[in-house]
Structures are given as C-alpha cells and as structure tokens.
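Please work through the exercises below with the sequence and the structure open beside you, and try each task before you read its solution.

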Amino acid sequence: MGPLPRTLELFYDVLSPYSWLAFEVLCRYKNIWNVSLQLRPTLIAGIMKDSGNQPPALLPRKALYVKNDVRLLGQYLQVPIHLPKDFFFVIFEKGSLTAMRFLTIVKLEHPELLEKVSRELWMRVWSRDEDITEPQSILAAAEKAGMSTGRARELLERVSTPQVKNQLKETTDAACKYGAFGLPVTVAHLDDETYMLFGSDRMELLAHLLGKLQVHAELPLTPPLRDISCPEGWIQSKKKNVLGPSSNGASYRHRCA
Amino acid sequence: MGPLPRTLELFYDVLSPYSWLAFEVLCRYKNIWNVSLQLRPTLIAGIMKDSGNQPPALLPRKALYVKNDVRLLGQYLQVPIHLPKDFFFVIFEKGSLTAMRFLTIVKLEHPELLEKVSRELWMRVWSRDEDITEPQSILAAAEKAGMSTGRARELLERVSTPQVKNQLKETTDAACKYGTSIDVQPSTAAQ
C-alpha cells in the first residue's frame with residue numbers, strides 16, 4: 001500500500017471566480033497527487049470584514065485587470081468562465097450568503113455531493129450569468145448535481161438555523177486564523193509543515209511542495225522554472241534539499257550557464 | 001532563419017521582490033521562448049500613486065503572507081531572496097527613487113548592462129539586506145555588474161537631471177497606461 005494521502009483544505013466562496021479556478025485545478029489533481037481534498041465553504045464577505053481588506057474590484061484598474069485575467073485563465077485552464085453582464089451588481093449587491101449556507105449544510109448532510117453542488121452554483125453565476133440568491137436558483141443547482149428536489153428543499157429550509165449559520169462562521173474563522181485576507185485559500189498539511197497559499201496561481205508551487213512537480217527526461221519547450229540556467233552560485237548544494245523532507249523521488253537536473 | 005522574436009516588456013522596480021522573481025524567470029526563458037525582453041525600470045511608488053492602490057504590506061495579514069510567499073517562491077525558483085530585517089523601513093522609508101533613476105540612465109547609456117546592474121541592486125536590498133539609497137551603494141552595485149567606477153560616478157551625477165527624471169516618469173506613465181486601456185472583450189454566450 002502506498003503512502004497515506006496528505007490533506008489539502010480549500011476555503012472557497014462561489015462568489016469568487018478565482019476560487020472556481022483553484023477548485024477545478026485541485027479536483028483534477030487530487031488523485032494524481034494522492035491528496036485528500038477537504039472542501040470548506042467559506043464566506044468571502046466575512047474574510048474581507050475580518051481582515052480589513054477590500055475586494056480588488058473596488059479599485060478601477062484592478063476591476064479592469066480581473067475581468068481580463070479571469071477570462072484568460074478560464075480559457076487556459078479550460079474552465080467555462082464568462083463574466084456576468086453586471087459584474088459589480090452580482091458581486092456587491094447580490095452576494096452569496098444563502099448559497100454558502102446551503103453548501104455548508106450540504107457538507108454536513110451530503111458531503112459526497114458537495115463538489116457537484118459547488119460546481120453547479122459556479123456554473124450558474126460565473127458561466128451562465130444566472131442568479132444564485134433565490135431559493136429556486138439554489139434548488140436548481142442542487143437538482144442538477146443529483147439531489148432530489150424534496151431533499152434539496154429540506155436542506156434549504158434549514159439554511160438559517162443556528163447550526164448552519166454557526167458552521168459557516170466557524171469555517172470562515174478558521175480561514176482567518178490561517179491568515180486569509182481573501183479567497184481562495186489552499187492549506188497544505190505536509191509531514192512537518194503547514195503551508196497557506198492564496199489564490200489560484202500557486203498551484204505549481206503547491207505541486208513542488210508536494211514533491212509532485214514533473215520533470216521530463218528530455219528538455220521540454222518550457223522546462224520547470226527551477227531547472228533553467230540561472231546566475232552562477234545560486235543553485236544550492238545538490239546534497240541538501242532546501243525544503244526539508246525529501247520529495248517523493250522527483251529529482252531535478254540543475255544547470256548553470 | 002526562424003520566426004521573428006516577439007516582444008515582452010517588463011516594468012519593474014528593485015524595491016519589489018515579486019519584480020525580481022518575474023525578472024529572473026523572464027531572463028531565463030527569453031532565449032528558450034525566442035522573445036525579445038525589453039526591461040523597463042519603473043517607479044512603483046508612482047504606480048501606486050497614479051492608480052490609487054496601496055502596497056499590500058500595509059494590510060497586516062497581507063504583510064505576513066507576503067513574507068512567507070516571497071521566501072517560498074525564492075526557494076522554489078532558486079532566487080536567493082532573504083527578507084530585510086526591517087522590512088517596513090526598507091520599503092516605506094528608504095524607497096528606491098535614486099536606484100530607479102540610476103537604472104533609467106543605465107538603460108539610456110549602457111543598455112547591455114541593465115540586466116546585471118538591476119540584478120546587483122536586487123541582490124543588495126533583497127538578498128543581503130544592504131542599502132540601495134546612498135551613492136556608494138549604487139556605485140558598488142554598478143561596479144559589481146562590470147561598470148568602471150569612473151563611468152558609474154558620471155552616470156550617478158546625472159540621475160537628478162530633467163532628462164533622467166522625465167524618462168523614469170514616462171516609463172511609469174506607460175505602465176499606468178497599460179493598466180487603463182485594456183479592451184475587455186464581450187463574453188460570448190455559454191454553449
């Protein structure tokens with residue numbers, strides 16, 4: 001039997017397009033990397049409030065950048081992201097409170113459906129520009145994910161109970177305790193270190209920390225960044241793995257020009 | 001003969017550790033990708049002012065995150081980044097105005113040395129926790145990059161001339177313009 005899977009926690013909110021990108025990448029890799037992916041529905045509005053941060057879209061140049069960035073990344077990662085027509089209204093006025101409470105109770109009662117229901121909510125708001133705040137919207141997403149209408153209604157009725165509200169708050173607090181100032185946050189629990197990575201653009205680093213970054217035998221078009229020649233004297237001694245515990249057999253050829 | 005190289009412009013400031021990481025990656029890849037890398041010394045303080053943004057380090061949780069992130073990325077990318085002891089003082093009090101003006105005139109007069117001088121300035125501030133604001137600091141970096149002391153002094157004397165100040169401002173404005181004029185294509189309807 002192989003090594004025990006290590007655990008990754010993904011704190012996410014369906015209101016966050018970068019959360020969707022991180023989610024899809026981690027879902028694709030979890031079996032390849034042999035990791036246990038713990039999905040943790042979180043409220044991004046709560047993270048912002050607790051950290052004193054502001055959503056990037058409030059700065060005009062960041063809003064412009066995010067729109068292009070999300071579109072390009074969606075194309076590159078093959079995630080069908082399409083910006084809602086009224087981007088600001090969706091993010092700032094409509095929000096995601098009920099949706100995240102619903103995902104919280106899905107996790108409590110039907111954890112095996114959490115991935116699918118999350119995805120269906122993202123598909124609504126970030127692919128088809130559909131509502132995710134009304135009861136019928138959330139029911140539609142749950143049904144598309146394979147939940148019976150009856151069961152979905154039962155869960156929806158309980159979203160405002162103390163149990164569910166508290167659980168969402170606890171998860172949001174946990175993310176804050178890890179240092180979150182936004183979402184997505186990926187927490188990697190390795191043998192003797194815990195890493196908190198923010199955003200959807202730390203996946204290559206994560207693969208490296210897991211010892212899973214593939215190095216091809218012959219030089220590919222774009223070799224992994226650390227394998228390229230760099231100024232003399234920078235490469236650490238090959239005997240010592242600078243990150244501590246040895247990576248799982250992956251070896252890197254170090255070349256210096 | 002192969003295809004013509006395409007052009008990448010890198011706007012950077014030696015005060016920015018993430019700029020160093022991008023710089024090293026692009027320097028490593030420019031020949032592999034067959035791109036022409038145009039280095040554009042920019043003033044990050046000017047970018048912040050013009051855009052209304054704030055340095056991330058001003059938010060406590062971001063400051064904490066950046067310190068770890070920069071360290072991990074440095075290890076991963078094999079760039080010898082080490083945080084200065086007084087992180088905030090270096091970034092907010094000391095800054096990089098003279099250094100970036102110096103790089104501006106290096107680009108004007110000795111563009112072939114721009115990569116090396118930039119790197120030596122980063123090595124000072126972001127690897128060895130050394131000053132980059134005093135004249136002797138900048139001279140030391142230039143000399144390490146292969147410039148003669150005499151020539152380095154000549155260039156240093158000209159950093160506050162209108163020509164150099166304006167060039168740095170123009171580059172900073174160009175970077176700002178790239179941040180306000182991107183066309184957002186209308187999203188196509190989902191299939």
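**Exercise 1.** In this predicted model, locate B:Glu24 among the helices of chain B, decide whether B:Glu24 is buried or exposed, and find which side chain makes a polar contact with the side chain of B:Glu24.

*Solution.* Begin with the position in the chain: B:Glu24 belongs to helix H1 of chain B, which spans residues 17-29. Next take the relative accessibility, which is 1%; because buried means under 20%, B:Glu24 counts as buried. Finally, follow the side chain to its partner, which is the side chain of B:Arg119, at a distance of 2.7 Å in a polar contact.

**Exercise 2.** Describe how helix H2 of chain B packs with helix H9 of chain B, and classify the residues that make the contact.

*Solution.* Two packed helices are described by the angle between their axes and the distance between the axes. For H2 (residues 44-51) and H9 (residues 162-178) of chain B, the angle is about 45 degrees and the axes are 9 Å apart. Angles under 35 degrees count as roughly parallel and those from 65 to 115 as roughly perpendicular, so H2(B) is oblique to H9(B). The handedness of this crossing of H2(B) and H9(B) is right-handed. On the side of H2(B) the contact involves B:Gly46, B:Ile47 and B:Asp50, while H9(B) contributes B:Thr172, B:Ala175 and B:Cys176. Sorted by class, the residues in this contact of H2(B) with H9(B) comprise 3 nonpolar, 2 polar and 1 charged.

**Exercise 3.** Carry out the analysis for helices H6 and H7 of chain B, starting from their angle and the distance between their axes.

*Solution.* H6(B), residues 114-126, and H7(B), residues 135-144, pack at an angle of about 130 degrees, and their axes lie 8 Å apart. Since roughly antiparallel requires an angle over 145 degrees and roughly perpendicular ends at 115, the two helices H6(B) and H7(B) are oblique to each other. Their crossing is right-handed. The contact is formed by B:Val117, B:Glu120, B:Leu121 and B:Arg124 from H6(B), together with B:Ser137, B:Ala140, B:Ala141, B:Ala142 and B:Lys144 from H7(B). By class, the contact of H6(B) with H7(B) contains 5 nonpolar, 1 polar and 3 charged residues.

**Exercise 4.** Place A:Glu134 between its flanking helices, and state how far A:Glu134 is from A:Lys94 in sequence and in space.

*Solution.* A:Glu134 sits in the loop between helix H6 (114-126) and helix H7 (135-144) of chain A. With a relative accessibility of 40%, A:Glu134 counts as partly exposed. Although A:Glu134 and A:Lys94 are 40 residues apart in sequence, their C-alpha atoms are 9.9 Å apart in space.

How values were computed:
Residues are numbered from 1 along each chain as its sequence is written. Chains are lettered from A and ligands numbered from 1 in the order in which they are written. This is a predicted model: local features need pLDDT of at least 70, side-chain atom pairs count only at pLDDT 80 or more; totals for chains, interfaces and linings use all residues. Side-chain values use heavy atoms; hydrogens and water are left out. Helices (H or I, at least four residues) and strands (E, at least two) are DSSP runs, numbered from the N terminus. Buried means under 20% relative accessible area, exposed over 50%, partly exposed in between (1.4 Å probe, protein chains only). A polar contact is a pair of N or O atoms within 3.5 Å; within protein, one must be able to donate a hydrogen and the other to accept it, and residues adjacent in sequence count only if both atoms are side-chain atoms. Axes are lines fitted to C-alpha atoms, for helices over the stretch in contact, and angles run from 0 to 180 degrees between N-to-C directions. A crossing is left-handed if the near helix is turned anticlockwise from the far one by less than a right angle, and right-handed if clockwise. Contact means heavy atoms within 4.5 Å. Ala, Val, Leu, Ile, Met, Phe, Trp, Tyr, Cys and Pro count as nonpolar, Asp, Glu, Lys and Arg as charged, and the others, Gly among them, as polar.
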